Amino acid sequence: MKQMTWLLCGGLGLWIAGCGSYPAPVEKQANTAAAVRAAQEVGAQSNPQAALHLKLAQEQLDQAKQLIADGDTKRAEFVLLRADSDAELAVALAREASARAEAQTVQEQLRALKGGR
Amino acid sequence: MTKNRSASLFTAGAAGATRHASFVLRACVAALFTALLVACGSTPPPKELLEARAAYQRAQTGPAGQVNPAQVHVAKESLDQAEHAFNDDPSAPETRDRAYIALRKSQLAEAQAGMLVAEQDRDKAQRDLQATQIAIGKKTQQELESTRAQLASANQRADAERQARIDAEKRAKEALENLAKMAQVKEEQRGMVITLSGAVLFASGQAALLPAAMTALDNVVTALKANPDRNITVEGHTDSQGQRAYNMELSQRRADAVRSYLVSRGIPAEIIRGVGIGPDRPVADNGTVEGRANNRRVEIIVSPAERK
């Protein structure tokens, strides 16, 4: 009986210690989800390159969720980092595309104005 | 570099372990270990790392190196971490993860640089656009102002012309008023008839104009100039005394003298003719001195020009 109690306490202690070393990356997952939403908000879907990286980010976010569910939190953290880098890139690509489009619009206006005279 | 260093360390250790073996054996074992370790060390880098290296090279040498050095530096650090992970454990999934992330950081640096360049292009185009708009605005303004100035000067000219016309009419009216003091002015069927007494214009029996006549005729000229579209007939009249042929000839000469004077003062010769009527159209009784004086006269008839 006493042996059993010790074993239980030790097991519990080990379990807690295990959790302490690799806690589920809840915060990181939330951050990644936010980064994916940010990419959607800047219109990453409308640019093919940005859309590709948004898709990669989403897929990796899903993969990380699965890994967390499976208990592989260490792996999940790296997959979340991958997803972050893709979401960040999707945002930058979408912004680049819209900046290019804006520049082109103004350049066309300028050409029209100069040609129209 | 690190790999070679560790390889030689291991080689040294291996050589120590076989201290008591023969030189040949030691050499053989050392060679074997070295070969084994070199084989281990030459684990090919993962695709992600190769891509990350290439992407970093592209970012560093491309526009990102110029306009976005901070993010290129971040990419460099990320690549260093990946290289480090590769050195530690070439086949670990984390090595591929870090290489994947390093690749994305270089791509990020390039995308951000692309955005910065596009923004610069846009800003420059916007400045050019504004400058062009201002230039066009100024040009339009100038054109508008010059049109306004032209219009104003045209208006001024029109005003001046109107004023000149008003002045001319006023002068003509004044001249007619002055004329009325020394001549009789009547509106008749044949036009405006200005009757000048013979005594004012000529000495008895003469056809040369008196100085006083010139003042009277100058008023006639002023009045006529205000109405250029006219035909003018100058008629010389006499009383019935003396020979008719003489009177006819005298009246013609007097009419011609008046006509010549009017022409000399600027009335076009082609609109004036002089006619000698003699005693044929008396206006008063030739039986009295006063009547005869009234009959000795010159009539200037101003009639509207016939349309040709």
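Is the crossing of α2(A) and α3(A) left-handed or right-handed? In this predicted model, the crossing of these two helices is left-handed. To see how the pair is arranged, it helps to begin with the axes. Two packed helices are described by the angle between their axes and the distance between the axes. Helix α2 of chain A covers residues 26-41 and helix α3 of chain A covers residues 48-70; their axes come within 10 Å and cross at roughly 160°. Angles over 145 degrees count as roughly antiparallel, so α2(A) is roughly antiparallel to α3(A).

The contact can also be followed residue by residue. On the α2(A) side, Gln29(A), Thr32(A), Ala33(A), Val36(A), Ala39(A) and Gln40(A) take part, and they meet Leu54(A), Ala57(A), Gln58(A), Leu61(A), Ala64(A), Lys65(A) and Ile68(A) of α3(A). Sorted by character, the residues of this contact comprise eight nonpolar, four polar and one charged.

One of these residues, Ala39(A), appears again in the largest nonpolar core. This core has 50 residues, and Ala39(A), Ala90(A) and Ala52(B) are those with the most contacts inside it. At least two residues of the core come from each of α2, α3 and α4 (73-116) of chain A, and likewise from each of α3 (47-61), α5 (69-88) and α6 (93-182) of chain B. Helix α4(A) gives the largest share, 16 residues.

Leaving aside residues up to four places away in sequence, Ala39(A) touches Ala44(A), Leu54(A), Ala57(A), Ala87(A), Ala90(A), Val91(A) and Ala94(A). A second core, separate from the one above, has 21 residues, among them Ala216(B), Ile232(B), Ala255(B) and Ile272(B).

How values were computed:
Residues are numbered from 1 along each chain as its sequence is written. Chains are lettered from A and ligands numbered from 1 in the order in which they are written. This is a predicted model: local features need pLDDT of at least 70, side-chain atom pairs count only at pLDDT 80 or more; totals for chains, interfaces and linings use all residues. Axes are lines fitted to C-alpha atoms, for helices over the stretch in contact, and angles run from 0 to 180 degrees between N-to-C directions. Helices (H or I, at least four residues) and strands (E, at least two) are DSSP runs, numbered from the N terminus. Angles under 35 degrees count as roughly parallel, over 145 as roughly antiparallel, 65 to 115 as roughly perpendicular and the rest as oblique. A crossing is left-handed if the near helix is turned anticlockwise from the far one by less than a right angle, and right-handed if clockwise. Two residues are in contact if their C-beta atoms, placed from the backbone, lie within 7 Å. Ala, Val, Leu, Ile, Met, Phe, Trp, Tyr, Cys and Pro count as nonpolar, Asp, Glu, Lys and Arg as charged, and the others, Gly among them, as polar. A nonpolar core is a set of buried Ala, Val, Leu, Ile, Met, Phe, Trp, Tyr and Cys residues joined through C-beta atoms within 7 Å. A residue is buried if 20 or more other C-beta atoms lie within 10 Å of its own, exposed if 12 or fewer, and partly exposed in between; C-beta atoms are placed from the backbone.
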